[in-house]
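Reader: I am new to this structure and would like a close look at one part of it, the aromatic rings and what surrounds them. Please take me through that part step by step.

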Amino acid sequence: MLKSVFGSSPSRGSLDDNASNKEEKYGMNTVNVSFLPSDDGQGKKAYPLLVTPRWEASQAFLMSWCKVNKPWIDKMMTKYGAVLFRGFEINTAIEMQEVILSYRPSLTDVYRGTSPRG
């Protein structure tokens, strides 16, 4: 079922050697994708999506993986509301911020007035 839900890695059109190498090093076969177990004993929830390392768990790997697979992550975020990365070698808030900025470099903490304030 997971294969049909998640499909393969994002399409990249015609791949040159560099892109092919990135696909090999950071493709969907380099991580495990699943759902968190359900609390209610009724199987699996449809969210959040869980991504764990298959072999490589370093921060550098996760940063590169997020860059290469950004279209897939965007699609899964829209479909499931969240993507949870677990089991990677991220030990501090600064390291997590670096990973997030590798995925979305333009991310800011500017309040735009669209969220309710209590």
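Author: Ring pairs join Trp65, Trp72, Phe85 and Phe88 into a cluster. The model is a predicted one, and the values below are computed from it.

The count of aromatic pairs comes to three. One of them is formed by Trp65 and Phe85, whose rings meet edge-to-face, with 6.1 Å from centre to centre and 75° between the planes. An angle over 60 degrees counts as edge-to-face, and the 75° of this pair is therefore placed in that class. This pair links distant parts of the chain: Trp65 belongs to helix α3 (residues 59-68) and Phe85 to strand β3, and the two are 20 residues apart.

How buried or exposed are these two residues? Trp65 has 0% relative accessibility and so counts as buried. Phe85, at 25% relative accessibility, counts as partly exposed. The cut-off explains the split, because buried means under 20%.

Phe85 also takes part in a pair with Phe88. This pair is again edge-to-face, at 6.2 Å centre to centre and with 65° between the planes. Phe88 has 10% relative accessibility and therefore counts as buried.

Phe85 leads on to the largest pocket, since Phe85 is among the residues of its lining. That pocket holds about 240 Å³ of space. Its lining also includes Cys66, Ile73, Met77, Val83, Leu84, Met96, Val99, Ile100, Tyr103 and Arg104. The elements that give two or more residues to this lining are α4 (70-80), β3 (83-85) and α5 (93-103). Helix α5 provides the largest share, four residues. Sorted by class, the lining has 10 nonpolar residues, no polar ones and one charged residue. Arg104 is the charged one, because Arg counts as charged.

Tyr103, another residue of the pocket lining, has a charged neighbour over its ring. Lys70 lies over the face of Tyr103, at 5.1 Å from the ring centre. A second contact of this kind involves Trp55: the charged end of Arg54 sits over the Trp55 ring, 5.6 Å from its centre.

To put the part together, Phe85 pairs with Trp65 and with Phe88, and Phe85 also lines the largest pocket. Tyr103 lines that pocket too, with Lys70 over the face of its ring.

Terms used:
Residues are numbered from 1 along each chain as its sequence is written. This is a predicted model: local features need pLDDT of at least 70, side-chain atom pairs count only at pLDDT 80 or more; totals for chains, interfaces and linings use all residues. Side-chain values use heavy atoms; hydrogens and water are left out. On a 1 Å grid over the protein atoms alone, a cavity is a set of points where a 1.4 Å probe fits but cannot get out, and a pocket is an open set with protein on both sides within 12 Å along at least five of seven lines; lining residues have an atom within 4 Å of a point. Grid points are joined across faces, edges and corners, and a volume is the space filled by probe spheres set on the points. Rings of Phe, Tyr and Trp (its six-membered ring) pair if their centres lie within 6.5 Å; planes under 30 degrees apart count as stacked, over 60 as edge-to-face and the rest as tilted. Buried means under 20% relative accessible area, exposed over 50%, partly exposed in between (1.4 Å probe, protein chains only). A charge sits over a ring if NZ of Lys or CZ of Arg is within 6 Å of the ring centre and within 35 degrees of the ring normal.
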